[in-house]
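Biologist: Kindly present the structure, and then take my questions on it in turn.

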Amino acid sequence: MNTNQELTKIERSAAVKKTVRNVILYTLLTLWGLIVLFPFYWMILSSVKSYSAYNSEYIPKFYTLSPTLQNYIDAFTTVNLGRYFLNTFIYTIVTTGLMVIVIVLSAYAFARLQFKGRDFVFTLFLALMMIPNELVIITNFVTITNWGMRNTFQGLILPSVASVFYIYLLRENFAQVPDELYYAAKVDGTRDIKYLFKVMIPICRPTIITIIILKVIECWNSYVWPRLITDDSNYYLVSNGIQEIRENGFGRENIPAMMAAVVVISVPLIIIFLLFHKKIMEGVSRGGTKG
Amino acid sequence: MENRSFKGWLYLLPAIAFLGLFMIYPLVDVFVYSFEEGYNSASQRYFGIGLYNYSYVLHDPYFMQAVKNTFILVIITVPVSTILALLISVGLSQIKPLKELYQTVFFLPYVTNTLAVGLVFMILFKKTAYSDGLVNLLINWFGGKSVDFIDGPYWAKMFVLCFYTVWIVMPFKILILTSALASVNQDYYNAARVDGTSKGRIFRKITLPMISPMIFYLVITGFIGAFKAYSDAVALFGTDLNSAGMNTIVGYVYDMLYGNSGGYPSYASAAAIILFAIVLTITVINLSVSRRNVTYK
């Protein structure tokens, strides 16, 4: 009887301990979650406050009772946000499209075709992964300037196409496709290019999609190269656009309109993230483990 | 055989063309530029071959300021973000309900536009004539005095830059550490639990050694990434980083290349190569330290 009571006591104190621990854990994790989410909340909140309301709040309010969409209208009419958006869209689509063609072809060559010098070139490619962008961007800037491609889409896109890392990632995936499939196709007289499109690409589609999503995010957020190569606002991408808006846009003090622009720029990526968050996180962590 | 070789190279041709033109050639060229003394885009002339560009850059107060800022940023953000990410990942690995939701939320900053969200941070920290800003409001609540974090004292600006940098790099680190923690073989934990090992000891003797390769991987990539900081600073302080006193080494390179003080690819090249040398040295040190302390399976 006595031991039984002791046992319940121990069990109860263990349960209490566990609950306390869980409460602390969830509190701390929620705290970090709030730090992560708060800037997003604040930008949406500020973007629906009217200009006069925002500026009359010496102590910022955490809510608004009279939300307005006027700032969003301003964001598209006063500054060229629509144009920046379209530019970024074109840039992202074309760059990603070209990149996919380039990396699929070379990953296939590295994974499947046999030829002299292949392994040497592959090693060379791997070595290129260590080259920081900052080192090559200087000459690229001069090259593009000399070619007269400043303020053109070619100038924006061309140096952003090749990506050694994605070639590597896709090659690893291609190499996992069993050789027997290839030999069988060869016996049937299937040409390489047909084998690539009918067998390899469908099998490796998940990896290709992951690469596409990662590249789209990268393109959408790219800032440095577009900043160097464009000074005509007709060719600005969203990152440069937001910087331009910040420095000369609505007049420095129209923060609600600025926040509306920020929301508009952030929304496409957040939608992509909500749709594909599993794929994105998996892709990033795979890249991380192998990088 | 001849025919197959040809086909292989044909498939590689686009990649080789792009990489050759925009990576290999520039890589050689950047060294050439860095030795062409005093070259500028306007005159297209240089007055000799030698180390003048390096000495110019190293004597430029803006460059030294950029080096100082970058080192402070690195020394603060790399340990803070790695330790914080470790704590959060360990916390995440202890919970069951809502785990996925937390993971997804924590990853959100990874997909955001650095420039755009940086503006939000600027507004949260900025002190204007109309308002002290939200962060200052919090400081006031706790009895502190308002500080202008964006145009104010150096350490206030450095604090915001570090804070934003940590906020940006956390998703990647949490993701990597969470998957590293999940891949630790449960048998070790069970064995330790049978032996009655305390939680702290399990963490120090099993968890940490098992995930140490990943921690070091994050430290190394963290150092490299932090040394290349630039867009976060632009987002917070605007494009004229020199006058804000918040320039970074990469920012110095781009300013030399383009913009108000631009047009000097040779100075930019020298600065970029110095940066690369610093990063390489730190990485080699990191690797040799990790060889001594990391347990590889």
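The exchange below treats the fold of one chain, and then its charged contacts.

Modeller: This is a predicted model, in which local features need pLDDT of at least 70, side-chain atom pairs count only at pLDDT 80 or more, and totals for chains, interfaces and linings use all residues. Residues are numbered from 1 along each chain as its sequence is written, chains are lettered from A and ligands numbered from 1 in the order in which they are written, and side-chain values use heavy atoms, with hydrogens and water left out.

Biologist: How many helices and strands does the secondary structure of chain A come to?

Modeller: Helices (H or I, at least four residues) and strands (E, at least two) are DSSP runs, numbered from the N terminus. Read from the N terminus, every element in the run of chain A is α. The count for chain A is therefore 14 helices and zero strands.

Biologist: What radius of gyration does chain A have?

Modeller: The radius is taken over C-alpha atoms, and the globule rule is 2.2 Å times the number of residues to the power 0.38. For a compact globule of 291 residues that gives a value near 19 Å, but chain A has 26 Å.

Biologist: Which residue of chain A forms a salt bridge with A:Arg150?

Modeller: A salt bridge is a side-chain nitrogen of Lys or Arg within 4 Å of a carboxyl oxygen of Asp or Glu. The closest N and O atoms of this pair are 3.5 Å apart, and the partner of A:Arg150 is A:Asp231. The two lie 81 residues apart, A:Arg150 in the loop between helix H6 (133-146) and helix H7 (153-157), and A:Asp231 in the loop between helix H12 (224-229) and helix H13 (238-248) of chain A.

Biologist: Why does the salt bridge of A:Asp192 and B:Lys7 join two chains?

Modeller: The side chains meet at 2.6 Å, N to O. A:Asp192 lies in helix H10 (residues 192-203) of chain A and B:Lys7 in helix H1 (residues 2-35) of chain B, so the pair joins two chains.

Biologist: Is A:Asp192 buried or exposed?

Modeller: Buried means under 20% relative accessible area, exposed over 50%, and partly exposed in between (1.4 Å probe, protein chains only). B:Lys7, at 30%, counts as partly exposed. Because its relative accessible area is 4%, A:Asp192 is buried.

Biologist: Which residues do salt bridges that share partners join into one network?

Modeller: The pair of A:Asp192 and B:Lys7 meets in a salt bridge. With shared partners, the network consists of A:Lys186, A:Asp192 and B:Lys7.
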